[in-house]
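Me: Please take a close look at one part of this protein for me. I want the nonpolar core and the strands around it, residue by residue where you can.

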Amino acid sequence: MLKFNEYFTGKVKSIGFDSDSIGQTSVGVMEKGEYTFSTAKPEEMRVITGSLKVLLPGSPDWQVFNPGETFYVPANSEFNLQVADTSAYLCKYLSK
């Protein structure tokens with residue numbers, strides 16, 4: 001079953017789904033802007049197009065992730081994103 005999600009007055013949209021091979025996942029697009037997300041589960045985020053400038057929990061420095069690159073977000077945390085151009089991502093919700 002597909003689940004449509006919309007955040008930040010429509011500037012971030014995703015479609016969530018469950019996959020037998022990779023588990024709970026979403027694929028989405030972010031418009032230009034700055035965003036703060038919180039997560040209960042650990043996440044694996046992969047950039048598909050564009051780039052994401054990310055401030056991960058506990059890190060003093062922003063990091064830039066480009067297409068094909070992945071970053072991890074711990075459970076029960078917040079992370080900040082700066083998006084300079086419309087970008088797409090794949091998010092896997094990890095079990096641990």
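Reply: What follows goes from the core to the sheet, and then to two buried polar residues. Bear in mind that this is a predicted model.

Start with the core. The largest nonpolar core has 17 residues. Those that touch the most other members are Met 30, Phe 37, Leu 52, Val 54, Phe 71, Phe 79 and Leu 81. Several strands supply this core with two or more residues each: S4 (33-39), S5 (43-49), S6 (52-55), S8 (70-73), S9 (77-83) and S10 (87-93). The top contributor is S9, with 3 residues.

Now take Phe 79, one of the core residues with the most contacts to other members. Set aside residues up to four places away in sequence. Phe 79 then touches Tyr 35, Thr 36 and Phe 37. It also touches Glu 43. Further along the chain, Phe 79 meets Val 54, Leu 55, Leu 56 and Pro 57. Phe 71 and Val 73 complete its list of contacts.

Next, the sheet. Six strands make an open sheet, in the order S1-S2-S3-S10-S5-S8, with antiparallel pairing. S1 (3-7) and S8 are the edge strands, and each pairs on one side only. From one strand to the next, the twist averages 25°.

Look at the S8 end. S5 and S8 run antiparallel and are joined by 4 bridges. In one pairing, Glu 44 has Tyr 72 in S8 as its bridge partner.

At the other edge, look at Asn 5 in strand S1. Is Asn 5 buried or exposed? Its relative accessible area is 15%, so Asn 5 is buried; the cut-off for that label is under 20%. Neighbours within four places in sequence aside, Asn 5 contacts Val 12, Lys 13, Ser 14 and Gly 16.

Return to S9 for Ser 77. Ser 77 has 11% relative accessibility and therefore counts as buried. Which residue offers a backbone oxygen to a polar side-chain atom of Ser 77 at 2.6 Å? That residue is Pro 74. Beyond four places in sequence, Ser 77 is in contact with Phe 37, Ser 38, Thr 39 and Pro 57. Two of these, Phe 37 and Pro 57, also appear among the contacts of Phe 79.

To sum up, S9 gives the most residues to the core, and S9 also holds the buried Ser 77. Asn 5 is buried as well, on edge strand S1.

How values were computed: Residues numbered from 1 in each chain as written. Predicted model: local features only at pLDDT ≥ 70, side-chain atom pairs only at ≥ 80, totals over all residues. Heavy atoms only, no water. Core = buried A, V, L, I, M, F, W, Y, C linked by side-chain atoms within 4.5 Å. Buried < 20%, exposed > 50% of the residue type's maximum accessible area, 1.4 Å probe, protein only. Contact = heavy atoms within 4.5 Å. Pairing = 2+ DSSP bridges. Axes fitted to C-alpha atoms, helices over the stretch in contact; angles between N-to-C directions. Polar contact = N/O pair within 3.5 Å; in protein donor to acceptor, adjacent residues only side chain to side chain.
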